[in-house]
Amino acid sequence: MSKTITLTIDDRKVTAPEGEKLLWVALENDIYIPNLCAIKEEGRPSASCRLCFVHVEGLPAPVTSCTQAVREGMVVKTRTPQVDRLVRTAFELLLSDHRLKCSTCPQNRSCELQKIARARGLKLKLKRFKSLGKEYPLYESPGLFTFDRSRCVLCGRCVWVDHEVAKVGAIGFARRGLKRMVTTFGNIDLDASSCTECGLCVKACPVGALNFTGEQSSEKDG
Ligand code: SF4
Ligand code: SF4
């Protein structure tokens, strides 16, 4: 059993099991750090959304809190000018590849992007970057859900639950860079894939990309 250590986050002393990842320690103590791709049970966090930066005293540059293990005496700040700049840039980059129409989105008012914007005083609109303008047709599964790829932020939560919880393996990431996308293996129609329509991926989606058919946003975990 790991020993309990004490660290300081934003001038608050908190205790945690040694080696626990900083992001989860902060969140469990009601200290919000923006995040989209983090999954607590995941052994090796992908740290791909680049939103959970914090400053750790003694380190030369901000670090992603989802990958940083806590240790005795650690002193952490979730907000510094450098951290805020990194988070703002990562957030705006995400928005540049996102169909931003909250008023018509099923996830409006329970969306993680909106939560991050509120928490960090960020605007849900593009200032420095241009929209990539990618639009994809809405996919409708045979009976249960819709997938709006134009709103997918590539967090990977749906893929993780499909593989690790449902243990089906119907979906995965394809391609690299700006062409990266969530799709079925072989890019076949979902109804021809091994998808069982269990709905776990829909519940895991933090934004309005995966939605139950006719969804009220409260049906999702978000
Ligand atoms: S996913 Fe969130 S930010 Fe994007 S349009 Fe929907 S509610 Fe707005
Ligand atoms: S569909 Fe949702 S859960 Fe899956 S990668 Fe896109 S945003 Fe994340």
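Start by selecting ligand 1: the space it takes is the largest cavity of this predicted model. (A cavity is a set of points, on a 1 Å grid over the protein atoms alone, where a 1.4 Å probe fits but cannot get out; a molecule sits in one if more than half of its atoms lie within 2 Å of its grid points.) Now show the 13 residues around ligand 1, with His98, Cys102, Cys105, Cys111 and Gly208 coming nearest. A residue counts as near if one of its heavy atoms lies within 4 Å. Colour this shell by class and you get 6 nonpolar, 4 polar and 3 charged residues. Here Ala, Val, Leu, Ile, Met, Phe, Trp, Tyr, Cys and Pro are nonpolar, Asp, Glu, Lys and Arg charged, and the others, Gly among them, polar.

Next, hop to ligand 2, whose space is the second largest cavity. Of the 13 residues around it, Cys152, Cys155, Gly156, Cys158 and Cys205 come nearest. What classes make up the shell around ligand 2? There are 12 nonpolar residues, 1 polar and no charged ones.

Last stop, the sheet. Five strands (DSSP E runs of at least two residues, numbered from the N terminus) form an open sheet in the order β2-β1-β5-β3-β4, with mixed pairing. Pairing takes at least two DSSP bridges between two strands. Select 12–17 and 63–64 for the edge strands β2 and β4, each pairing on one side only. Then add β3, residues 53–56, which is antiparallel to β4 over 2 bridges; Phe53 stands opposite Thr64 in β4.

For your selections, residues are numbered from 1 along each chain as its sequence is written, with chains lettered from A and ligands numbered from 1 in written order. In this predicted model, local features need pLDDT of at least 70 and side-chain atom pairs 80 or more, while totals for chains, interfaces and linings use all residues; side-chain values use heavy atoms, leaving out hydrogens and water.

Conventions
On a 1 Å grid over the protein atoms alone, a cavity is a set of points where a 1.4 Å probe fits but cannot get out, and a pocket is an open set with protein on both sides within 12 Å along at least five of seven lines; lining residues have an atom within 4 Å of a point. Helices (H or I, at least four residues) and strands (E, at least two) are DSSP runs, numbered from the N terminus.
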